[in-house]
Amino acid sequence: MIQLYRVTKNYEGVPALREVSFTMAKGEFAFLTGPSGAGKSTLLKILFCAEHADEGRIILQGMNTFRLKSSTIPYLRRNMGFVFQDYKLLPHKTISENIALALKVVGTPFGDIERRVFQVLKKVGMENKRHLTPPKLSGGEQQKVAVARALVNEPQVLLADEPTGNLDPQSAQEVFRLFRDINMKGTTVLVATHDWETVRKMQRRIITMERGRVVDDGSPDPRIPLPLKPHAGAAGTKPVEEAP
Amino acid sequence: MKGYGLFYFVAEAFRGLRANSLVNLLAVSTISMAMMIVGFFLIVFLNLQTAVDALGDRFEMSVYLKDGLTGHEKDFLLHRIQLEPGVKKVTALSRAEALLLFKKELKGQEALIQGLGENPLPDSFEVVLDSRSVDTERLEALARKFSGYRGVEDVSYGKEGAKLLSGFYKVVTYGGMALAVLLGVTVVFIISNSVRLALYSRGQEIELMQWIGATRGFIQGPFLIEGMMLSMLGSALAVGVLAVVYYTLPQEVVLFLSRPNGLDFLPLSVVAYMIIGGGLLGLAGGLVSVGRFLE
């Protein structure tokens, strides 16, 4: 589903990603962790074709996206959902209209839009607030709407960049529960987060990054409790060796 | 894009116009100012052209005929001259009529021609030319051509006047064209900046649409239509303001400004061209700014 091989990215000579390689199978769930500036957001942006890698190979849903033509990018994105830390909801549109926009851009027939918006809002438990505008919702509720928008086109891959960064612990739990439910229905989910507490609880694959490199990648052993703070090898796996 | 065509784009464009009414009002005002300048110069240019045309219409070439031509020969010659491109009107003038005219012109000095026994003036044709043909080279060629016709004695025309008129016509035509290009570019620039203002106010929405898989065409469509509508509205407003100014000007000013019958307002066809042209310039301006914005 997702394959990265020696992906490198520099910003004006400053390395943001250094030979990052990993693979995610269809239906897998993984956390991308690491300190600020580790390259998590850059990696997600490259996966979402918002940035170009300088070197390496990226295979997404069977398509090599390295140096993809800009006219092809929208069609690739339609099979992917993206959840942002700042929700990116349009404040002057109602919740329903925000989600309907994602259906409109892919050419969904007008007659189907209302039904599908209602269905996806029901899935995240926000159907009763569909006529409100985002500023009238709490942060957690806004993020649920953003997740609903990312899901409405039934993407095969869901990427999330610090989705709970602005949320209280309870709202964060609800959002992560949503991700787990989505994943259980077969969607591949990759979440970049600092929320180590949730990462510990969810016991899923953890890809740890530091200074642009993947330093640890593996699924924790449920019999061994994870440490209270993240570090290389925290997932209970052997740290990835640095390339020379 | 099943189900989404021009109707959706137009509806979205109207929504955008309503949602950003203040920015759009500013855009319409700016476009309207630019189009008002275009309209003002069009009024000046068209009236100047009419004035030059009127001067050209007064320009005549005299074709003098040989004595002894039959009526049939004269008719044939007149028909031949009439068929010449650039010839607007040909009037036959008999020698008697020519003498009468001459006498009229010499009013008070008739004594000058009293000494003449027989009428010395020949039969002639007075040829009125299309103002666009009042060009020294073309006139010379025509005069040479007419002189070569059987039965023509001589051809005369005011060379100096023709030279002056032809120069004036060229200045008006080429000057007008240069001005039109300059104003066209200015209008595209103003419109593209106005559309860009509207774009910036909706930057968040455009960015989001890109993130959720909207194609360039899907994003561009409503903005192009919006740019076109803003420009057409601005152009219509400009014509309206010019019309109000024109029709409220005191008649004395209108008469003073131009030809004996006064300054004309823009013909309806030109008004239509201005509004449609404004719309197309808006489309061009929209393309320029949306293209840059999406890059």
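The legends below describe close-up views of a predicted model with chains A and B.

**View 1. Chain A and its secondary structure.** Chain A of this predicted model is built with seven helices and ten strands. Of its 244 residues, 43% count as buried. When contacts in chain A with a separation of 6 or more are considered, 64% of them join residues that are 24 or more positions apart.

**View 2. Chain B and its secondary structure.** In chain B there are eleven helices and four strands, and buried residues make up 29% of its 295 residues. Among the contacts in chain B with a separation of 6 or more, residues 24 or more positions apart account for 88%.

**View 3. The place where chain A touches chain B.** Here 14 residues of chain A are in contact with 15 residues of chain B. On the chain A side, the elements that give two or more residues to this contact are α2 (73-77) and α3 (95-104) of chain A. Sorted by class, the side of chain A that touches chain B holds nine nonpolar residues, together with two polar and three charged ones.

**View 4. Helix α11 of chain B.** This helix covers residues 268-294 of chain B, and because each residue is taken to add 1.5 Å, its 27 residues should span 39 Å, which agrees with the 38 Å that separates its end C-alpha atoms.

**View 5. Buried residues in helix α11 of chain B.** Which residues of α11(B) are buried? They are B:M274, B:G278, B:G279, B:L281, B:G282, B:G285, B:G286, B:S289 and B:V290.

Technical notes: Residues are numbered from 1 along each chain as its sequence is written. Chains are lettered from A and ligands numbered from 1 in the order in which they are written. This is a predicted model: local features need pLDDT of at least 70, side-chain atom pairs count only at pLDDT 80 or more; totals for chains, interfaces and linings use all residues. Two residues are in contact if their C-beta atoms, placed from the backbone, lie within 7 Å. Ala, Val, Leu, Ile, Met, Phe, Trp, Tyr, Cys and Pro count as nonpolar, Asp, Glu, Lys and Arg as charged, and the others, Gly among them, as polar. The expected span of a helix is 1.5 Å times one less than its number of residues. A residue is buried if 20 or more other C-beta atoms lie within 10 Å of its own, exposed if 12 or fewer, and partly exposed in between; C-beta atoms are placed from the backbone.
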